[in-house]
Amino acid sequence: MKLVVQVKLLPTSVQAAALEATLRACNEAASWASEVAFERETFRNFALREHTYAEVKERWGLGAQAAQHVIKKTCDAYTTLQANLRAGNLGRPGTKRHRQTTGKPVSFRSHAAQPYDDRMLSWQMDTRTVSIWTTAGRVKGVAFTGSTEQLATLARYRKGESDLVCRDGCWYLVATCEVPEAELNTDPVDFLGVDLGIVNIATTSDGRIMAGRQLNRMRLRDRKLRTKLQKKNTKSAMRRAVRRRRKDARRARDINHKIAKHIVAEAERTSRGIALEDLTGIRARVRLRKPQRATLHTWAFAQLGEFIVYKARRAGVPVVYVDPAYTSRTCAQCGHIDKANRVSQARFVCRSCGFVDHADRNGSRNIRARAWTLWRRGAPSTAPAVPPPRRTAERGQRITASDVA
């Protein structure tokens with residue numbers, strides 16, 4: 001399986017200037033190539049190369065490999081754009097957002113990431129330095145650093161391209177690694193159900209609750225601060241707002257990594273599989289009050305699921321996605337389904353048999369049961385399918401906040 005390892009570069013001032021000039025030149029060339037592709041409606045790599053390759057090399061002083069990567073990056077950007085349009089992520093045809101996106105060529109930021117292959121970048125793991133191509137020539141002895149685990153993975157499994165990234169004045173290399181997968185456990189003794197939510201980020205069928213109270217408070221505070229900064233609308237205020245947004249994203253990412261690591265380790269230790277909800281398209285289906293929408297849309301549903309899946313693949317733990325419909329209203333003891341069973345966000349009381357439990361734990365037990373049924377029917381360890389185009393909820397269908405909490 002492919003993973004990425006990010007290491008931090010520690011360039012001198014001269015080396016940093018060369019790297020910055022290289023990124024600017026590459027992204028200016030990519031923006032120009034994008035205009036050519038848009039005008040000629042040519043979005044395939046080899047076809048676009050015929051119209052842009054020579055001028056990209058001569059006009060911006062790029063090497064042969066760098067020029068090819070610039071053109072390929074441009075084509076990849078249009079491929080991603082078309083995928084988002086087909087999925088409905090940029091609005092329906094005819095809407096303002098759809099017209100604005102499709103009515104102009106793709107442009108690249110001056111510090112957008114630039115891919116490097118082994119001809120343009122070489123790693124010296126013993127001295128922790130890299131030799132990297134720039135428009136000013138080959139720059140050797142650029143130091144890099146990272147955690148012990150990152151460096152070990154990089155030394156053993158690095159294979160393929162690496163991306164040069166500049167973020168907040170710091171330089172990084174994001175390297176692709178081919179990491180071997182563990183042998184899949186094809187005979188799990190049971191499944192560990194995981195109920196995902198906003199109030200409680202994850203609740204397992206074992207009763208372990210990962211509360212999101214602290215994270216939600218921090219996000220609310222940061223959202224209010226960013227609102228004030230956006231109203232001020234000065235350059236310094238906008239720079240600070242961007243830094244706060246990135247800090248919030250890093251915090252959520254770190255928490256999701258820790259939760260995923262715990263869930264996978266517990267499932268591996270007990271020889272169980274992992275059962276997750278298929279929450280594809282939940283933002284389009286759920287109807288919430290306005291104060292709750294920001295909380296829903298900033299919570300990383302997909303990210304936590306992706307972290308669990310890739311960590312499970314490395315550990316050989318099977319993962320099964322189940323339909324989340326009515327898991328919060330179904331009694332895990334007798335199977336009775338009733339909206340009134342969900343007394344509050346945290347309390348579940350069955351109207352049929354009187355079973356009482358924490359609402360999220362009851363939901364995770366239902367998820368575990370559904371996964372175990374699917375597995376015995378022959379369902380493979382798999383991830384959810386490609387999300388369908390966004391659409392509004394069907395007439396008469398109503399999903400409340402308690403169903404996703």
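Start by selecting strand S1 (2-10), helix H5 (148-157), strand S6 (158-167), strand S7 (170-178), helix H7 (235-269) and helix H10 (301-315): each gives at least two residues to the lining of the largest pocket. Helices (H or I, at least four residues) and strands (E, at least two) are DSSP runs, numbered from the N terminus. A pocket is an open set of points on a 1 Å grid over the protein atoms alone, where a 1.4 Å probe fits, with protein on both sides within 12 Å along at least five of seven lines; lining residues have an atom within 4 Å of a point.

You are touring a predicted model, where local features need pLDDT of at least 70, side-chain atom pairs count only at pLDDT 80 or more, and totals for chains, interfaces and linings use all residues. Residues are numbered from 1 along each chain as its sequence is written, and side-chain values use heavy atoms, with hydrogens and water left out.

**Stop 1: the pocket**

Now pick Val4, Gln6, Gln150, Arg253 and His257, which lie nearest the pocket's centre among its 44 lining residues. The volume of this largest pocket, the space filled by probe spheres set on the points, is about 1800 Å³. Which helix gives the most to the lining? Colour H7, with 15 residues. By type, the lining has 18 nonpolar, nine polar and 17 charged residues. Here Ala, Val, Leu, Ile, Met, Phe, Trp, Tyr, Cys and Pro count as nonpolar, Asp, Glu, Lys and Arg as charged, and the others, Gly among them, as polar.

**Stop 2: H6 and H7**

Keep H7 and add helix H6 (residues 213-232): their axes come within 9 Å and cross at roughly 165°. Axes are lines fitted to C-alpha atoms, for helices over the stretch in contact, and angles run from 0 to 180 degrees between N-to-C directions. That makes H6 roughly antiparallel to H7 (over 145 degrees). Show the side chains where they meet, including Leu215, Met218 and Leu225 in H6 and Ala237, Met238 and Ile255 in H7. Contact means heavy atoms within 4.5 Å. This contact has nine nonpolar, one polar and ten charged residues.

**Stop 3: H1 and H2**

Next, select helix H1 (residues 13-40) and helix H2 (residues 45-60), whose axes come within 10 Å and cross at roughly 150°. H1 and H2 are therefore roughly antiparallel too. Among the contact residues are Trp32 and Val36 of H1, and Leu48 and Trp60 of H2. Nine residues of this contact are nonpolar, two polar and four charged.

**Stop 4: H2 and H3**

Finally, hold on to H2 and add helix H3 (residues 64-87). The two pack at an angle of about 135°, with axes 9 Å apart. H2 and H3 are therefore oblique to each other (neither under 35, over 145 nor 65 to 115 degrees). Look for Tyr53 and Val56 of H2 and Ile71 and Cys75 of H3, which are among the contact residues. Their contact divides into seven nonpolar, four polar and three charged residues.
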